[in-house]
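Please open the structure in your viewer and keep the selection tool to hand. The stops below are meant to be followed in order, with a pause at each one.

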Amino acid sequence: MFKVMLADDENRILKFLQTSIPWTQLGLEVAATATDGNEALRLAQEECVDIVVTDIRMPGLDGLELCQSLHEINPNIQIIIVSGYADFDYAKRAIQLQVLGYCLKPIIENEMIAFLRIAVKNIRKETTLNGDSLLDSIEEGNEHQIAEIFEELGVVAPRYYIAVSVRVHNIAKQLGAELTLKLGKHKYLYFSSRPLNRKAANELICYTGEKGGIGIWPAAVAPSQLKDAISDTTIMAYQFFISSTPTVCEKLVEGPLTDDLFSQMKQALIAPEQLKAFLEKLQTANCSMLFNLRSAFRFYNYIYSSKLLGTILEGEEYYLYGYEQLAVEYGCFEDILSEMLNTLCVPPMRETQDASSASSFMKIIKYLNENYEKDISLKKLSELFHMNSSYVSQLVKNETGLTYSQYLTELRIGKAKQLLQTTNLSLNEISEAVGFNDYFYFIKKFKKVVGVTPGRFNGSL
């Protein structure tokens with residue numbers, strides 16, 4: 001919720017505004033009230049308010065002087081003036097000071113609500129635009145620009161506390177975060193100049209009915225370290241996928257146990273019987289002590305690209321292209337182990353493809369072009385068209401020269417370029433619209449394919 005401060009030297013006006021406006025429905029909360037201009041200026045800074053509703057005539061600073069001071073501190077603050085003076089000079093000065101609205105007393109509720117809706121829309125637009133720039137700067141490692149954008153967004157500190165939530169609603173208020181950025185579907189990144197509320201995070205996860213997670217980085221992070229810290233914190237937020245239960249994770253799971261596990265895995269890939277015994281042993285282990293989402297992703301692709309499983313699957317393109325796809329394709333890590341064991345014990349039947357290659361290819365391409373924004377793995381696509389995965393994989397490779405994953409990625413990047421050129425959608429919205437559930441992954445893939453980050457793309461490339 002965005003914070004509002006009400007300033008008026010008449011208590012009845014303050015009470016009227018507090019009780020007559022549906023603040024919660026508007027996504028707002030009244031964080032402070034003041035009866036004089038000096039107090040209003042102090043509280044606005046202390047509470048980091050986003051919107052100020054103020055009278056013109058007050059003791060101390062008057063409303064217009066307050067507006068000027070507030071805009072010097074925060075150029076993006078939204079200000080609505082109320083006054084009993086229908087004087088053109090006041091209105092003219094208010095416009096010069098970039099005041100959003102000018103309401104005459106007695107206040108008309110619907111008029112005030114209309115101005116507040118505009119204020120919320122303006123804040124969201126500004127936050128989204130600055131948020132896109134911030135994430136772009138973090139990806140590029142531009143420390144000076146990172147600090148500047150943080151200051152514009154109201155987070156002033158040499159180092160920043162960060163957290164990420166996945167499949168959990170926006171928990172900025174519970175964590176005490178000063179800035180929230182949406183990274184993807186049901187995925188949020190939180191920043192603060194002060195330590196985040198770990199107790200609140202644990203309480204929320206303890207009683208949540210959803211299978212999600214929260215990652216909290218253990219210490220404040222310098223601008224130069226943000227990129228890696230955010231990546232690791234996102235992986236930590238996904239620890240629920242490994243543990244099969246809602247989780248708060250404050251430490252990245254990796255170390256000697258994980259290294260030893262991968263050594264055992266390489267030895268087990270000598271023969272089907274050894275791999276089967278290795279996977280069965282893992283089914284009895286506490287995998288949340290062995291894997292994080294990144295190492296689980298590496299484990300998955302290593303086994304499915306091995307000669308052992310590759311021979312059984314006849315070259316099927318089972319490997320995945322991103323960490324999050326693992327959590328999309330499977331309910332939990334245990335499901336992966338079960339599928340691998342089933343593959344070893346019951347190899348897939350060979351199919352005879354009835355449709356011609358050209359016809360099959362056109363059907364597949366048509367489907368991908370119409371559904372690229374969805375989570376479409378090779379496995380899901382093959383099941384949908386009742387074809388063998390190896391056949392679909394080889395068909396796409398023969399016709400396009402790209403693997404299935406490469407083709408889907410380039411298709412999505414092409415759609416993203418179109419949206420960047422033809423719409424005013426934010427980069428985060430474009431990322432979701434073309435099927436990337438993770439904003440940072442979108443930036444990396446876009447830069448790899450196009451040569452620049454989406455924030456630098458100007459349509460001429």
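The tour goes from the whole chain to a pocket, then to aromatic rings and a few single residues.

**The whole chain**

Begin with the entire protein chain shown as a cartoon, bearing in mind that this is a predicted model. The secondary structure of the chain comes to 22 helices and 10 strands, and of its 461 residues 50% count as buried. If you consider the contacts with a separation of 6 or more, 66% of them are between residues 24 or more positions apart.

**The second largest pocket**

Next, select Gly322, Tyr323, Glu324, Asp438 and Tyr441, which lie nearest the centre of the second largest pocket, among the 23 residues that line it. The space in this pocket is about 440 Å³. Now colour helix H9 (226-237), helix H15 (323-329) and helix H22 (439-450), each of which supplies at least two residues of the lining. Which of the helices gives the most to the lining of this pocket? Helix H9 does, with five residues. When the lining of the second largest pocket is coloured by class, 10 residues are nonpolar, six are polar and seven are charged.

**Aromatic rings**

Display the aromatic side chains, for which a search of the whole structure finds 13 aromatic pairs. Centre the view on phenylalanine 436 and phenylalanine 442, whose ring centres are 5.4 Å apart and whose planes are at 45°, so the pair is tilted. Phenylalanine 436 counts as buried because its relative accessibility is 2%, below the 20% cut-off, and phenylalanine 442 likewise counts as buried, at 0% relative accessibility. Keep phenylalanine 436 selected and add arginine 412, which lies over the face of that ring at 5.9 Å from the ring centre.

For another charge placed over a ring, select arginine 298 together with phenylalanine 262: the charged end of the arginine sits over the ring of the phenylalanine, 3.9 Å from its centre. Then select Phe278, Phe291, Phe299 and Phe333, which ring pairs link into a cluster.

**Serine 431**

Return to the tilted pair and select serine 431, whose place is in helix H21 (residues 427-433). Is serine 431 buried or exposed? With a relative accessible area of 0%, serine 431 is buried. Leaving aside neighbours within four places in sequence, serine 431 is in contact with Phe436, Asp438, Tyr439 and Phe442. Two of these contacts, Phe436 and Phe442, are the partners in the tilted ring pair, and Asp438 belongs to the residues nearest the centre of the second largest pocket.

**Glutamate 139**

Move on to glutamate 139 in helix H5 (residues 109-140), a residue that is buried, with a relative accessible area of 9%. Show the residues around this side chain: not counting those up to four places away in sequence, glutamate 139 touches Lys227, Phe440, Ile443 and Lys444. Draw a C-alpha to C-alpha distance from glutamate 139 to leucine 226, and the two will be 8.7 Å apart in space, although 87 residues apart in sequence.

**Lysine 379**

Finish at lysine 379, whose place is in helix H18 (residues 378-384). Lysine 379 is partly exposed, with a relative accessible area of 29%. A last C-alpha to C-alpha distance, from lysine 379 to serine 393, comes to 9.9 Å, for two residues that are 14 apart in sequence.

Note on methods. Residues are numbered from 1 along each chain as its sequence is written. This is a predicted model: local features need pLDDT of at least 70, side-chain atom pairs count only at pLDDT 80 or more; totals for chains, interfaces and linings use all residues. Side-chain values use heavy atoms; hydrogens and water are left out. On a 1 Å grid over the protein atoms alone, a cavity is a set of points where a 1.4 Å probe fits but cannot get out, and a pocket is an open set with protein on both sides within 12 Å along at least five of seven lines; lining residues have an atom within 4 Å of a point. Grid points are joined across faces, edges and corners, and a volume is the space filled by probe spheres set on the points. Helices (H or I, at least four residues) and strands (E, at least two) are DSSP runs, numbered from the N terminus. Ala, Val, Leu, Ile, Met, Phe, Trp, Tyr, Cys and Pro count as nonpolar, Asp, Glu, Lys and Arg as charged, and the others, Gly among them, as polar. Rings of Phe, Tyr and Trp (its six-membered ring) pair if their centres lie within 6.5 Å; planes under 30 degrees apart count as stacked, over 60 as edge-to-face and the rest as tilted. Buried means under 20% relative accessible area, exposed over 50%, partly exposed in between (1.4 Å probe, protein chains only). A charge sits over a ring if NZ of Lys or CZ of Arg is within 6 Å of the ring centre and within 35 degrees of the ring normal. Contact means heavy atoms within 4.5 Å.
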